[in-house]
Amino acid sequence: VLMKTIRNSAKAVIIQAGRILLVKLKDEEGDWYGLPGGGQQTGETLPAALQRECREELGVEVQVGSLQYIREYISRHHEFANSEEDVHQIEFMFNCTIAQNATPSLGPNPDTRQIAVVWISLEELPGYRLYPQALIPFLADTQGAPGPVYLGDIN
């Protein structure tokens, strides 16, 4: 059996004034949300990948801070098993900042399904279709409790 390679992905957790910056995407079931970021390329560090992806998706420069969470995603264990039967991705989520006066908007090279960039209140986050869903309680915890770094194979 030929095993596909494991893909590394870098994601940005950008929180300002009680709101988080997310990319808004569309699929057959409607709108959903995700952290900005994407796949690491050979020869690229995770922070460099994240800066490039944020320029492409948000049209702004990000300062990459500390590593906050690591998520594994093995598609066959989750609800998208039919459409993504052989994906194994490791996502490295970093705390990031953007300049106070920066205005993120749909970048020059957004994801295929990306339709917008939005700020969402952390308090309202549980009402949104955000992936990974298991991340919501950690992000919505405005007390800022660090939580575990390694989240495991979640969706």
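Student: What is the accessible surface of the chain, and how much of it belongs to carbon and sulfur atoms?

Tutor: In this predicted model, the accessible surface of the chain comes to about 8,400 Å², and carbon and sulfur atoms account for 51% of that area. Buried residues, for their part, make up 46% of the 155 residues.

Student: Why is the pair of tyrosine 33 and tyrosine 128 called edge-to-face?

Tutor: A search of the whole structure finds three aromatic pairs, and this is one of them: the ring centres lie 5.2 Å apart, which satisfies the limit of 6.5 Å for a pair, and the planes stand at 85°, which is over 60 degrees, so the pair is edge-to-face. Tyrosine 33 belongs to strand 3, whereas tyrosine 128 sits in the loop between strand 7 and strand 8, 95 residues apart, and the pair therefore links distant parts of the chain.

Student: What makes tyrosine 33 buried, and why does tyrosine 128 count as partly exposed?

Tutor: Tyrosine 33 has a relative accessibility of 10%, which is under 20%, so tyrosine 33 counts as buried. Tyrosine 128 has a relative accessible area of 27%, which lies between 20% and 50%, so tyrosine 128 is partly exposed.

Student: Why is the pair of tyrosine 69 and phenylalanine 138 called tilted?

Tutor: Their centres are 5.8 Å apart, within 6.5 Å, and the angle of 40° between the planes falls neither under 30 nor over 60 degrees, so the pair is tilted. Tyrosine 69 lies in strand 5 and phenylalanine 138 in helix 2.

Student: How do you know that tyrosine 69 is buried?

Tutor: Its relative accessible area is 3%, under the cut-off of 20%, and therefore tyrosine 69 is buried.

Key:
Residues are numbered from 1 along each chain as its sequence is written. This is a predicted model: local features need pLDDT of at least 70, side-chain atom pairs count only at pLDDT 80 or more; totals for chains, interfaces and linings use all residues. Side-chain values use heavy atoms; hydrogens and water are left out. Buried means under 20% relative accessible area, exposed over 50%, partly exposed in between (1.4 Å probe, protein chains only). Accessible areas come from the Shrake-Rupley method with a 1.4 Å probe; for residues, only the protein chains shown count as cover. Rings of Phe, Tyr and Trp (its six-membered ring) pair if their centres lie within 6.5 Å; planes under 30 degrees apart count as stacked, over 60 as edge-to-face and the rest as tilted. Helices (H or I, at least four residues) and strands (E, at least two) are DSSP runs, numbered from the N terminus.
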